[in-house]
Amino acid sequence: LNGVSLFAQSSLQDIKLVSPQGLVIHFDLIPTSILTSLSEDKTQISIEFQKVSRNTPQKTYSFLSSIVRECSIEEKDGSCIVRIQLNSKNGYTISNLSFANSVYVEIFQWDKLTQSEDVYRTGLLSLSEKLPDVAKQYFDSAYALGNTEVNTIVAVDNLNKKNYAYALEHSLRAIEKKSFHPDNFAIVSLLLQNHNEDVASLFKKQYTFLTGLTSIQYGNDIGKFKLPIELDSMAARLARNFDTSKVVQKNDSTKNTISKTDTLPLS
């Protein structure tokens with residue numbers, strides 16, 4: 001139980017739209033019990049976080065996004081239910097962020113997925129259903145099919161195994177392919193902090209921009225490793241091309257917005 005009291009209750013701190021199809025839900029302590037459902041018309045996602053209280057400045061978050069319209073928080077029987085209202089029929093996957101007490105919700109259209117994306121999403125669903133061995137089979141298949149999103153899964157796995165160069169490469173490849181998963185930016189920042197502090201700082205700033213979090217939580221010291229020249233150059237190139245000027249986000253007591261420019265350009 002990682003030393004956490006059996007009676008400790010989590011609280012929901014904030015909800016942030018990090019891309020037109022990605023939401024991050026912040027907690028002070030990651031919930032251990034999550035129930036999810038999709039409405040019959042596939043336009044509303046309901047996520048129940050059991051034994052969680054609300055500690056957000058508002059109950060409703062409105063978004064100017066092509067995919068997500070708004071989120072509302074309902075408190076019921078000691079739990080928080082987050083309802084995500086969509087602008088059209090979609091599917092979703094939900095996973096924990098590896099370096100924060102946060103949940104990541106990705107929204108997409110099943111009928112528009114490529115074969116590799118379909119296999120990858122099925123792996124995420126298996127993981128959320130606590131079937132890690134089944135999930136790994138899907139992730140391996142997705143990777144073999146050339147899926148780029150699975151690079152994030154591979155990067156986290158390699159980081160935990162202290163295969164630092166491989167972890168760095170997979171996260172950089174994912175970012176190069178315009179993956180906005182926050183874990184990628186956290187990994188690159190962690191792994192470059194003792195090699196190129198300036199570039200590491202830029203990746204951390206991008207992580208903060210995406211998540212609203214100012215710290216990257218990682219319980220282990222990063223051991224020394226040889227940084228391949230090509231990865232160092234690749235990281236510097238990607239960092240130079242971070243461009244958030246076309247994305248406008250506002251945080252006040254009534255609204256979070258994201259512009260209809262559906263990208264954070266990385267080239």
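**Helix H2 and the five-stranded sheet**

In this predicted model, helix H2 covers residues 132-144, and its length checks out: at 1.5 Å a residue, its 13 residues ought to span 18 Å, and the C-alpha atoms at its ends do lie 18 Å apart, so expectation and model agree. Three residues of H2, namely Ala-135, Phe-139 and Ala-142, are buried. Around the helix axis they take up an arc of only 60 degrees, which means that they sit on the same side of H2. As for what covers these buried residues, helix H1 (115-128) and helix H3 (150-160) are included.

Turn H2 around and the picture flips. Asp-133, Lys-136, Gln-137 and Ala-144 are exposed, and they are carried on the face turned away from the buried side of the helix. After H2 comes Gly-146, with a positive phi, near 90 degrees.

Now to the strands. Five of them form an open sheet, in the order S3-S4-S8-S7-S6, and the pairing is antiparallel. The edge positions go to strand S3 (34-38) and strand S6 (60-62); each has a single partner strand, so each is left with one side lacking a neighbour in the sheet. From one strand to the next, the twist averages 15 degrees.

At the S6 edge, the partner is strand S7 (residues 68-76): the two run antiparallel and are joined by three bridges. Tyr-61, for one, has Cys-71 of S7 as its bridge partner.

How values were computed: Residues numbered from 1 in each chain as written. Predicted model: local features only at pLDDT ≥ 70, side-chain atom pairs only at ≥ 80, totals over all residues. Heavy atoms only, no water. Helix = DSSP H or I, 4+ residues; strand = E, 2+ residues; numbered from the N terminus. Expected span 1.5 Å × (residues − 1). Buried < 20%, exposed > 50% of the residue type's maximum accessible area, 1.4 Å probe, protein only. Arc of directions from axis to C-beta. Contact = heavy atoms within 4.5 Å. Pairing = 2+ DSSP bridges. Axes fitted to C-alpha atoms, helices over the stretch in contact; angles between N-to-C directions.
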